[in-house]
Amino acid sequence: MAALAAGGSASAQTSNLAMRTTEPLDSRPAAPAVTRGILPAAASWKALLVGGNHLIDNYNNAATDLAARLREHGVHRVAVLHSLGPQAGDAVPAARRKDMRRAMTALGTTAADTCLFFISSHANQRGIYLSAERGYLSPRDLSSMIDAECGDRPTVLILSGCDTGTFITSSLKGDNRIILTASARGRVSYGATTSDRYVNFDRCMIKAVDEGAGTWRDVFARTQTCVSERERMLGVEPSEPQAWFGSGVSQLAVPGRS
């Protein structure tokens, strides 16, 4: 089967379609044991999940399905924004910067909040592409939104796309922040076969959650291993997923783990 790149231009996506093959998904070793960590109440979490590009369904699928996992684990304050393309009217909430801020605000704020923000799309060193507005969510944009909506509360940022290591910046890092990215700065995040529901990083991350990863550090470690396995099978350059774990949240638990 052919495969898509998780970031970069539409022309690069087209060329990749002719180059990738399907991975045998049942060949991976058993996942490691669950690691326990800091455990906020599920009700304290608020989460915004975004599919940034309408050109392939994989991005919106990941946002929808990760939201479903969070709800299953007891998180009630969950919002999902899909990219509906630039033809969507402003009256319809979509993966736009203004709608992201509105969605986060609508989830409410308490002193006990723990925040989660996830986005999956094409990306480059300018930021993560938002096809609904034909623009980019930059590290500065995200920093402004997260500072306003989450402040110094525990916060998990998951950024899936090429070059998303660009988001590990001094303005986004903090003792209260975890940042997980699908690739290093300057690296392509190779994605999905045409039959896959998600791009590679999202597939591996959701698999880690489904298999019982106890902390976000555990999620990232399992995701790294899974991503590397497919990249070696495809014979592509490593995407080198990146992470930042602030000292105050380095063992923050996934919602619903005990």
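Rings of Phe, Tyr and Trp, the last represented by its six-membered ring, are taken as a pair if their centres lie within 6.5 Å. In the structure examined here, which is a predicted model, the count under this rule comes to three aromatic pairs. One of the pairs is formed by Phe220 and Phe245, whose ring centres are 6.4 Å apart and whose planes make an angle of 65 degrees, an arrangement classed as edge-to-face; the cut-off for that class is an angle over 60 degrees. Distant parts of the chain are linked by this contact, since Phe220 belongs to helix H6 (residues 216-234) and Phe245 to strand E11 (residues 242-245), with the two positions 25 residues apart in the numbering. Both Phe220 and Phe245 are buried. A further side chain is found at the ring of Phe245, where Arg217 lies over the face at 4.2 Å from the ring centre.

The cysteines were considered next. With a disulfide taken as a pair of cysteine sulfur atoms within 2.5 Å, the count comes to two disulfides. Numbering the bonded cysteines along the protein chain gives the pattern 1-2, 3-4.

One disulfide joins Cys115 to Cys150, with an S to S distance of 2.3 Å. The torsion about the S-S bond of Cys115 and Cys150 is about -110 degrees, and the disulfide is therefore left-handed. Because Cys115 is located in strand E4 (residues 114-120) and Cys150 in helix H4 (residues 139-150), the pair ties together parts that are 35 residues apart in sequence. Cys115 and Cys150 are both buried.

The other disulfide joins Cys204 to Cys226, for which the S to S distance is 2.1 Å. The link of Cys204 and Cys226 is left-handed as well, with -70 degrees about the S-S bond. Cys204 lies in helix H5 (residues 200-210) and Cys226 in helix H6, so that parts 22 residues apart in sequence are tied together by the pair. As for solvent exposure, Cys204 is buried, and Cys226 is likewise buried. Helix H6 thus contributes Cys226 to a disulfide, and Phe220 of helix H6 takes part in the edge-to-face contact with Phe245 described above.

A separate value was obtained for Cys162, which has a relative accessibility of 3%. Because residues with under 20% relative accessible area are classed as buried, Cys162 counts as buried.

Key
Residues are numbered from 1 along each chain as its sequence is written. This is a predicted model: local features need pLDDT of at least 70, side-chain atom pairs count only at pLDDT 80 or more; totals for chains, interfaces and linings use all residues. Side-chain values use heavy atoms; hydrogens and water are left out. Rings of Phe, Tyr and Trp (its six-membered ring) pair if their centres lie within 6.5 Å; planes under 30 degrees apart count as stacked, over 60 as edge-to-face and the rest as tilted. Helices (H or I, at least four residues) and strands (E, at least two) are DSSP runs, numbered from the N terminus. Buried means under 20% relative accessible area, exposed over 50%, partly exposed in between (1.4 Å probe, protein chains only). A charge sits over a ring if NZ of Lys or CZ of Arg is within 6 Å of the ring centre and within 35 degrees of the ring normal.
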